[in-house]
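User: I'd like to learn how to read a few features of a model, one at a time. Could you walk me through them?

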Amino acid sequence: MTGVPEKTTVQETDVQETDVKAFETSRDYAHPPELMFRLFTEPEHLARWFGPVGFTVEEARTNLKTGGAWRIVMRSPEGNQHRVTGVYEEVSPPVRVVFSWAWESEDGSLGHVSRVTIAFASTDSGCRMSLRHENLADDEARAGHGRGWTSSLESIDAYLETL
Amino acid sequence: MDRLSSAYSALADPTRRAILADLTGGPKSFTELAAPYEMSKPAVVKHLRVLENAGLVARDGAKARPRYRVDPKGFDDPRRWIEEQARFWAEALDRLDAYANEIATQKGGSS
C-alpha cells in the first residue's frame, strides 16, 4: 500500500464573479503533481471527468507539446454535442500547462478564444492546483501573447461592482 | 466579430482602457475626454467609436455636444462568459476529485 488517502480535500473555489477578464480557482489534492498533471492532459483520463455533471466525453485528443492541438467532444444529458478545442502554448510536466480554448459552433467555426493556465505546486499532502481561465482579445489570441493586458482592467471591474 | 470578441478587443488597447477609467468618474464631453491625451482628436474619436461599437461606452445629449459615459450593459456578455466558464470548471473539477481518488486507490491497491 502506498497509503493514499481516500478523500481529497477540496478547498473551496475563489470565484471572482464580477471580474470580466478571468476566472480563477484552486484546489488541493491528496495526490502528487505527476498524477494530477496526467489527469489534466491525457485523453483516457480527460474522457473520465472533463465536462459538467451528466456530460459524457465522446472524443478526447491531445497532442501534448507546444503548438500541439487538443480537442474534446462532449454530449450533454439533453443529447447536444459540445466541442471545445485549442492549442498548447506551454507544456511543462508536472508543473504547468497552458493552452488556448475555444468552443466550436455547429458549422465548425470557432467562438471567442481564451487561455487556460493550470499549475501544480507540491504540498505536504499532495499538491495544489491553480487554474486561470482568461479572456483574450481576438488579435492577441491570434498573436498568442497578451499576458498582462488584463491587469489594468481592475479599476473598471471595481467601478462596475459599484453600479 | 461577435459581441464578446468586440468587447475584449476594445478592452485590449491601453488608451481605450484609460478612456474607460476616465469615464468611471462620470460622463464627460469630448473636450474633457481628449484633454489628457497627446494624440490627435481624430485618433481619440476612433478609440471612442471602437468603445461605442463594442457597447462599452454610450453617448447622451445633443448630437453636436454629446456626453460620453460607461455603458454597464456592455459588460454583461464578458461577465456572462466568465460565469459560464466558472460553472463548467466547478462541475468538471468536482468530477475530477472523484476520479482522482478512484485512480489513486487503484494504483495504491495494485502496488
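Analyst: What follows goes from the chains as wholes down to helices, single residues and a peptide bond. This is a predicted model, in which local features need pLDDT of at least 70 and side-chain atom pairs count only at pLDDT 80 or more, while totals for chains, interfaces and linings use all residues. Residues are numbered from 1 along each chain as its sequence is written, chains are lettered from A, and ligands are numbered from 1 in the order in which they are written.

User: How many helices and strands does chain B have?

Analyst: Elements here are DSSP runs numbered from the N terminus: helices are H or I with at least four residues, strands are E with at least two. Chain B has 5 helices and 3 strands, in the order α-α-β-α-α-β-β-α along the sequence.

User: Is chain B compact or spread out?

Analyst: Compare its radius of gyration, taken over C-alpha atoms, with the globule rule, 2.2 Å times the number of residues to the power 0.38. Chain B comes out at 22 Å, well over the 13 Å that the rule gives for 111 residues, so it is more spread out than a compact globule. Its C-alpha atoms fill a box of roughly 75 × 25 × 25 Å along the principal axes.

User: What share of chain B is buried?

Analyst: A residue is buried if 20 or more other C-beta atoms lie within 10 Å of its own, exposed if 12 or fewer, and partly exposed in between, with C-beta atoms placed from the backbone. By that count, 28% of the 111 residues of chain B are buried. Helix α1 (residues 3-11) is mostly covered, with 7 of its 9 residues buried; among them are B:Tyr8 and B:Leu11.

User: Which residues are buried in helix α2 of chain B?

Analyst: An α-helix has 3.6 residues a turn, so residues three or four places apart point the same way. In α2 (residues 14-23) of chain B, the buried ones are B:Arg16, B:Arg17, B:Ile19, B:Leu20 and B:Leu23. Judged by the directions from the helix axis to the C-beta atoms, they cover an arc of only 155°, which puts them on the same side of α2(B).

User: At what angle do α2(B) and α4(B) pack?

Analyst: Fit lines to the C-alpha atoms, for helices over the stretch in contact, and take the angle between N-to-C directions, from 0 to 180 degrees. α2(B) and α4(B) (residues 41-53) pack at about 75°, their axes 10 Å apart. Angles under 35 degrees count as roughly parallel, over 145 as roughly antiparallel, 65 to 115 as roughly perpendicular and the rest as oblique, and these two helices are therefore roughly perpendicular to each other.

User: Which residues of α2(B) and α4(B) meet there?

Analyst: Contact means C-beta atoms, placed from the backbone, within 7 Å. B:Thr15, B:Arg16, B:Ile19 and B:Leu20 in α2(B) meet B:His47, B:Leu48, B:Val50 and B:Leu51 in α4(B).

User: Is B:Asp60 buried or exposed?

Analyst: B:Asp60, in strand β2 (residues 57-60) of chain B, counts as exposed because it has 9 C-beta neighbours inside 10 Å. Beyond neighbours within four places in sequence, B:Asp60 is in contact with B:Pro27, B:Pro66, B:Arg67 and B:Arg69.

User: Which peptide bond is cis in chain A?

Analyst: Most peptide bonds are trans. The one from A:Pro93 to A:Pro94 is cis, with omega near -5°. A:Pro94 is found in the loop between β4 (81-92) and β5 (96-104) of chain A.

Definitions and conventions. Contact = placed C-beta atoms within 7 Å.
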